[in-house]
Amino acid sequence: MSIALGLSIRTLSDAAWTGPAGDGLYAVLVYVLVAILIPSQPKALIAAAAVTACVMIELFQLTGIPQPAELGKSWPPLRLVLGTTFGTADLLAYAGGAAFAYAVDRTTYAVVNSSSRH
């Protein structure tokens, strides 16, 4: 759902909010992937790992080894994973997306556990 919504937002609109929204949804996706890989870990650790992964990918865009934009030209889906240029605002969007995923995960977990006790 995060992938479809993120791609749809960027495809259907070029408004200023679509970039941060797409970055936030990217962080939600990374949160879900981390949660699948390490499901028994605390949710705060999962959120921290998701933000860290997103930040590392963003910082990779600052290196001179092969530029993410060039890699994206060789295989377009890689552009969606690595991005093209560094943006400080992207870091805030990643933190917001991971925080949102964390809040939804915690709330869902609490609701499911409280209803299963009855």
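Q: What makes a stretch of chain a helix here, and in which helix is Leu-78 found?
A: A helix is a DSSP run of H or I that covers at least four residues, with numbering from the N terminus. In this predicted model, Leu-78 is found in α5, which takes in residues 76–82, and this run therefore satisfies the requirement of at least four residues.

Q: How many helices and strands are there in the chain, and in what pattern do they follow along the sequence?
A: The chain has 6 helices and 0 strands, and reading along the sequence gives the pattern α-α-α-α-α-α. The C-alpha trace spans about 55 × 30 × 25 Å along its principal axes.

Q: Why is Leu-78 called buried, exposed or partly exposed?
A: The relative accessibility of Leu-78 is 23%, and because buried means under 20% and exposed means over 50%, this value falls in between and Leu-78 counts as partly exposed. Leaving aside neighbours within four places in sequence, Leu-78 is in contact with Leu-71 and Gly-83.

Q: Why is Asp-23 called buried or exposed?
A: Asp-23, found in helix α2, has a relative accessible area of 13%, and because the limit for a buried residue is under 20%, Asp-23 is classed as buried. With neighbours within four places in sequence left aside, the contacts of Asp-23 are Asp-90, Ala-93 and Tyr-94. Over the chain, buried residues make up 27% of the 118 residues.

Q: How do you know that the rings of Tyr-26 and Tyr-94 form a pair, and is that pair stacked, edge-to-face or tilted?
A: By the rule that ring centres must lie within 6.5 Å, the count comes to 1 aromatic pair. The centres of the Tyr-26 and Tyr-94 rings are 6.0 Å apart, so they meet that limit, and their planes stand at 50 degrees, which is neither under 30 nor over 60, so the pair is tilted.

Q: What does the pair of Tyr-26 and Tyr-94 tie together?
A: Tyr-26 lies in helix α2 (residues 18–37) and Tyr-94 in helix α6 (residues 88–116), so the pair ties together parts that are 68 residues apart in sequence. Tyr-26 is buried at a relative accessible area of 16%, and Tyr-94 is buried at 5%.

Q: What makes up the largest nonpolar core, and which element gives the most to this core?
A: The set holds 12 residues in all, among them Tyr-26, Tyr-31, Ile-46, Cys-54, Tyr-94 and Ala-101; to qualify, residues must be buried and joined through side-chain atoms within 4.5 Å. Helices α2, α3 (43–60) and α6 each supply at least two residues, and α2 gives the most, with 6 residues. In soluble globular proteins, nonpolar side chains tend to be buried together.

Q: With which residues is Tyr-31 in contact, leaving aside its neighbours within four places in sequence?
A: The contacts of Tyr-31 on that basis are Lys-43, Ile-46, Ala-47, Ala-50, Ala-98, Ala-101, Tyr-102 and Asp-105.

Q: How do you know that Lys-43 lies over the face of Tyr-109?
A: The distance from Lys-43 to the ring centre of Tyr-109 is 4.5 Å, and because the limit for a charge over a ring is within 6 Å, the distance condition is met.

Q: What lines the second largest pocket, and how much space lies in this pocket?
A: About 230 Å³ of space lies in the second largest pocket, which is lined by 14 residues, with Ser-2, Val-28, Val-32, Phe-100 and Ala-101 nearest its centre. The elements that give two or more residues to its lining are α1 (2–12), α2 and α6.

Terms used: Residues numbered from 1 in each chain as written. Predicted model: local features only at pLDDT ≥ 70, side-chain atom pairs only at ≥ 80, totals over all residues. Heavy atoms only, no water. Buried < 20%, exposed > 50% of the residue type's maximum accessible area, 1.4 Å probe, protein only. Lys NZ or Arg CZ within 6 Å of the ring centre and 35° of its normal. Contact = heavy atoms within 4.5 Å. 1 Å grid on protein atoms, 1.4 Å probe; cavity = no way out; pocket = protein on both sides within 12 Å on 5 of 7 lines; lining within 4 Å. Points joined across faces, edges and corners; volume = space filled by probe spheres on them.
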